Amino acid sequence: MNDASPPTFTPDLLDRLVSETGLWPDGRAAAATFPVFDPATEEVIATVADGGVEEAVAAVDSAARAFASWAQTSPRARSEILRRTFELMQAEAGDLAALIAWENGKAIGDARSEVAYAAEFFRWYAEEAVRSDGRFEQAPSGAARTVVLHRPVGVAALVTPWNFPAAMATRKIGPALAAGCTVVLKPARETPLTALAIARLLSRAGLPDGVLNVVPTSKSGVLVSTWLEDARVRKLSFTGSTEVGRTLLRQTADRIVNASMELGGNAPFIVTEDADVAAAVRGAMIAKFRNGGQACTAANRFYVHEAVAPAFIEQFGAAIQALRVGPASDPAHEIGPLINRTARNDVGALVDRAVAQGARISHWAAAPDRGCFYPPTLLIDVPPSAEILATEIFGPVAPIVTWESEPDLIAQVNDTELGLAAYLYAGDLGRARWLAQSIDAGMVGVNRGIVSDPSAPFGGVKQSGLGREGAREGLLEYQEAQYLSLDWPS
């Protein structure tokens with residue numbers, strides 16, 4: 001499928017990509033099922049197994065049986081499986097993008113970009129698998145030598161969200177498998193099909209049975225609690241809301257489970273008076289409207305210097321009005337629906353309250369009435385105290401605040417419990433570096449509208465999470481250090 005081809009949403013697509021039972025490994029069955037919907041039409045796409053306590057335990061049984069063998073598998077052998085999976089994802093990118101667009105609703109261009117990004121995690125960790133760090137050194141006394149090893153943590157429970165169903169899965173599966181861990185994966189209820197498709201690709205690439213186990217469910221709390229209460233589960237990696245993350249951290253504390261958390265964001269997008277306004281608008285369109293704003297890294301609140309605010313608003317507003325909104329079946333559409341009707345209604349209510357608090361809608365794009373679409377919207381004259389600035393919007397709405405004083409700007413930008421990503425456009429690079437280092441965020445895009453890269457450590461500060469994904473740091477999240485003290489007679 002080339003970039004100009006319309007995606008084909010047919011049962012044949014599911015037959016080619018997804019396991020028959022809706023569990024992985026295929027061949028198991030569950031007593032119940034639940035439907036998966038197309039957000040563009042709100043019609044049922046498929047039904048998948050609805051895992052409960054029995055399926056959760058069976059998945060851990062499978063992962064625990066496979067762990068010793070997989071942990072002892074050579075790094076090169078693990079690397080080759082990940083590399084082959086990367087190649088399979090590239091070969092089947094068109095079908096995978098169509099599947100993502102179907103169950104998630106995102107525009108097909110966004111879906112294709114996600115497949116490319118998701119596949120890169122398998123390539124990156126194929127390379128990292130054979131470069132696990134260790135060291136050998138002399139003890140200060142001279143009487144011993146110290147050997148430091150990195151061992152796999154054990155069975156890893158991975159919990160992924162619906163907004164990037166391929167990338168959030170591969171960003172966790174890749175390092176877990178490279179480190180020698182076995183995996184139990186719970187994809188989001190809204191988007192289980194992509195995770196099942198990726199599991200099938202890994203199996204085709206040679207991944208042994210039991211190393212990866214996928215359990216979709218409509219009862220997330222029950223399933224994840226079952227895993228966290230199981231002594232064989234030694235790792236939790238969760239991507240989702242800060243509220244759910246807090247609950248899971250309390251559960252992991254009971255058994256001292258190694259936990260990584262990638263939680264909510266409230267990313268500022270700053271434009272200084274010496275910025276290239278046209279470049280800032282291009283960056284803003286990516287940072288705000290990628291996946292329709294349904295990203296934890298999405299620009300959530302815009303701080304534009306009053307000297308350039310009129311030009312920025314004019315150009316940004318024109319770009320927003322030109323956005324083509326509609327179902328992914330038309331490749332010309334750039335913005336798809338929100339994930340469900342509840343999300344659409346929540347965004348609409350948030351905008352209504354912002355207007356009641358003094359904001360004005362200056363520009364918007366046309367959107368279909370059918371389905372879960374919300375029109376891309378630009379809000380101006382937003383009071384600094386408005387609720388929308390303190391809320392993760394998760395939709396295609398851009399609120400603008402103007403500023404004049406840098407100290408006031410930094411105070412407003414950092415006045416949040418969240419600190420995942422930030423974006424900054426400035427003409428003077430020295431000033432940009434100073435401003436970037438003044439922002440409480442784990443990642444800052446300087447004169448660019450995207451921060452995600454498999455080779456860079458992804459994560460936040462404050463209540464945006466614990467740990468990092470991607471890069472070398474992502475592999476270490478699935479390993480524990482062990483040192484050997486060797487007697488070394490002089």
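The paragraphs below lead through the sheets, two individual residues and the pockets of this structure, which is a predicted model.

A convenient place to begin is the six-stranded sheet, which is open, has mixed pairing and follows the order β7-β6-β5-β8-β9-β19. Its edges are formed by β7 (212-214) and β19 (465-466), each of which pairs on one side only. Two helices can be placed against this sheet. Helix α6, spanning residues 167-179, packs on the sheet and touches β5 (155-159), β6 (182-186), β7, β8 and β9, and the direction of α6 makes about 155° with that of β8. Helix α8, for its part, lies across β5, β6 and β8, and runs at about 160° to β6.

Towards the β19 edge of the sheet, β9 and β19 run antiparallel and are joined by two bridges. Strand β9 covers residues 258-262, and Glu262 belongs to it; across the pairing, the bridge partner of Glu262 in β19 is Gly465. Is Glu262 buried or exposed? Its relative accessibility is 3%, and because buried means under 20%, Glu262 counts as buried. The surroundings of this residue, once neighbours within four places in sequence are set aside, include Met168 and Arg171, as well as Phe238, Thr239 and Gly240. Contacts of Glu262 with residues further along the chain include Cys296, Leu420, Phe458, Ser464 and Glu469.

A second buried residue can be examined in the same way. Ala63 is part of helix α2, which takes in residues 53-72, and with a relative accessibility of 0% Ala63 counts as buried. Not counting residues up to four places away in sequence, Ala63 touches Val155, Thr182, Val183, Val184, Gly210 and Asn213. For a sense of scale, Ala63 can be compared with Ser455: the two are 392 residues apart in sequence, while their C-alpha atoms are 28 Å apart in space.

Another group of paired strands centres on β14, residues 397-403. Why can β14 be described as largely enclosed by the rest of the structure? The description holds because six of the seven residues of β14 are buried. Strand β11 (residues 299-305) runs parallel to β14 and is joined to it by four bridges, with His305 standing opposite Trp403 of β14. Strand β13 (residues 377-380) is also parallel to β14, in this case through three bridges, and here Leu379 stands opposite Pro399.

There is also an open sheet of three strands, in the order β3-β4-β20, whose pairing is antiparallel. The edge strands are β3 (135-138) and β20 (479-487), each of them pairing on one side only. On average, and with direction ignored, neighbouring strands of this sheet are turned by 20° against each other. Strand β4, which covers residues 144-152, pairs with β20 in the antiparallel sense over nine bridges; within β20, Gln482 is the bridge partner of Leu149.

With these elements in place, the pockets can be described. The largest pocket holds about 960 Å³ of space. It is lined by 40 residues, of which Trp162, Gly240, Ser241, Glu392 and Phe394 are the closest to its centre. At least two residues of the lining come from each of α8 (220-228), β8 (233-239), α9 (242-255) and α12 (341-356), and α9 supplies the largest share, with six residues. Two of these elements have already appeared, since α8 lies across β5, β6 and β8. Sorted by class, the lining of the largest pocket comprises 17 nonpolar, 13 polar and 10 charged residues.

The second largest pocket has a volume of about 200 Å³. Which of its 13 lining residues are the closest to its centre? They are Val36, Phe37, Glu190, Ile339 and Asn340. Strand β1, residues 33-38, gives the most to this lining, with four residues. By class, the lining of the second largest pocket divides into six nonpolar, one polar and six charged residues.

How values were computed:
Residues are numbered from 1 along each chain as its sequence is written. This is a predicted model: local features need pLDDT of at least 70, side-chain atom pairs count only at pLDDT 80 or more; totals for chains, interfaces and linings use all residues. Side-chain values use heavy atoms; hydrogens and water are left out. Two strands pair if DSSP finds at least two bridges between them. Axes are lines fitted to C-alpha atoms, for helices over the stretch in contact, and angles run from 0 to 180 degrees between N-to-C directions. On a 1 Å grid over the protein atoms alone, a cavity is a set of points where a 1.4 Å probe fits but cannot get out, and a pocket is an open set with protein on both sides within 12 Å along at least five of seven lines; lining residues have an atom within 4 Å of a point. Grid points are joined across faces, edges and corners, and a volume is the space filled by probe spheres set on the points. Ala, Val, Leu, Ile, Met, Phe, Trp, Tyr, Cys and Pro count as nonpolar, Asp, Glu, Lys and Arg as charged, and the others, Gly among them, as polar. Buried means under 20% relative accessible area, exposed over 50%, partly exposed in between (1.4 Å probe, protein chains only). Contact means heavy atoms within 4.5 Å.
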